[in-house]
Amino acid sequence: MLILSIIIISIIYQILRPTIVLPIYQPAQVNSEMVDSTIQHVKKYHTISDFSLLNQNGKTITQDDYKDKIYVADFFFTTCQTICPIMTDHMLLIQEKLKDDGDIMLLSHSVTPEIDSVAQLKKYAVEKGVNDAMWNLVTGEKKEIYRLARKSYLAAKEIPSFPDDLIHTENFVLIDTKKRIRGFYDGTDPLAIEQLLEDIKILKAEQ
C-alpha cells in the first residue's frame, strides 16, 4: 500500500509540475546597444539569417550545416588576450560535455577576419583542441560577420565614431533548430555556462 501511494504521488507530481520553456528572444526585448537600429522595433519572427563563411578547414559553412541542430554561437578573435581565452576554454568545456550528442554544435565567428585567415583559424583550432565535426571557427567578409553579430545574433556593440567597426561581447547565444535565439549567457562566467548546459537539456526536450 505504501509503495502504491508513493507511485500515485509521484505520478501526480509529474502531472502538476510546470514544464519549463525557454523564452524566444526578439530584437525589441534585447538591450538596444546590441541590436542594429533597423531591427530594434522587431517583436516577433526573428531568426538567424542565412550566411556563408569559411571554417578552419577552408570549408564553406552555411545554415545547411546547422540544419535541425541546436547550437551555441559566439564572436571572438584568435589574437585576443582579454575575454576570448576564457570564452574559448568554456566552449571547450561545452564541447567536452556534449561531445557524444550529435544534435548539438558550436559556431565561433572571428571579428578580425583580416587577421584570422583559414590557416590562422586552423592553427588556433589545433592548439585548443577543437573538434572539427562539432565546432566551426569561421571567417569571411567583415561586413557579413558584423551583419550577423548585430542583425542576427544581437551580440555586439557599435562604436559610434567608427560605424564600420564593433565591439564583440562575451555573449554565448543559444540557437534552436528553428534558427531562433533562446538564450544569452556570459561566456566568461562558469555559472552561466552551467546554466547554458541545463538550458540545452530543456531545449532538447522541447524540440
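Two residues are in contact when heavy atoms lie within 4.5 Å. In this predicted model, residues 24 or more positions apart account for 69% of the contacts in the protein chain with a separation of 6 or more. The protein chain has 207 residues, and buried residues make up 44% of them. About 11,200 Å² of the protein chain is exposed, with carbon and sulfur atoms supplying 57% of that area.

A newcomer may find it handy to begin with the order of the elements. The protein chain holds five helices and nine strands, and from the N terminus on they follow the pattern α-β-β-β-α-β-α-β-α-β-β-β-β-α.

Strand S4, residues 104-110, makes a good place to look more closely. Seven of its seven residues are buried, so S4 is largely enclosed by the rest of the structure. Ile104, Leu106, Ser108 and Ser110 point one way from the strand, while Met105, Leu107 and His109 point the other way, and all are buried.

S4 has pairing partners that can be followed in turn. With strand S3 (residues 70-76), S4 pairs in the parallel sense over seven bridges, and here Ala73 stands opposite Leu107. Helix H2 (residues 84-97) joins S3 and S4 in a right-handed β-α-β unit. With strand S5 (residues 135-138), S4 again pairs in the parallel sense, over four bridges, and Leu107 stands opposite Asn136 of S5. From S4 the chain crosses through helix H3 (residues 118-128) to S5, and this β-α-β crossover is right-handed. Leu107 of S4 thus appears in both pairings, opposite Ala73 and opposite Asn136.

Key: Residues are numbered from 1 along each chain as its sequence is written. This is a predicted model: local features need pLDDT of at least 70, side-chain atom pairs count only at pLDDT 80 or more; totals for chains, interfaces and linings use all residues. Side-chain values use heavy atoms; hydrogens and water are left out. Buried means under 20% relative accessible area, exposed over 50%, partly exposed in between (1.4 Å probe, protein chains only). Helices (H or I, at least four residues) and strands (E, at least two) are DSSP runs, numbered from the N terminus. Two strands pair if DSSP finds at least two bridges between them. A crossover is right-handed if, with the strands pointing away from the viewer, the path from the first strand over the helix to the second runs clockwise. Accessible areas come from the Shrake-Rupley method with a 1.4 Å probe; for residues, only the protein chains shown count as cover.
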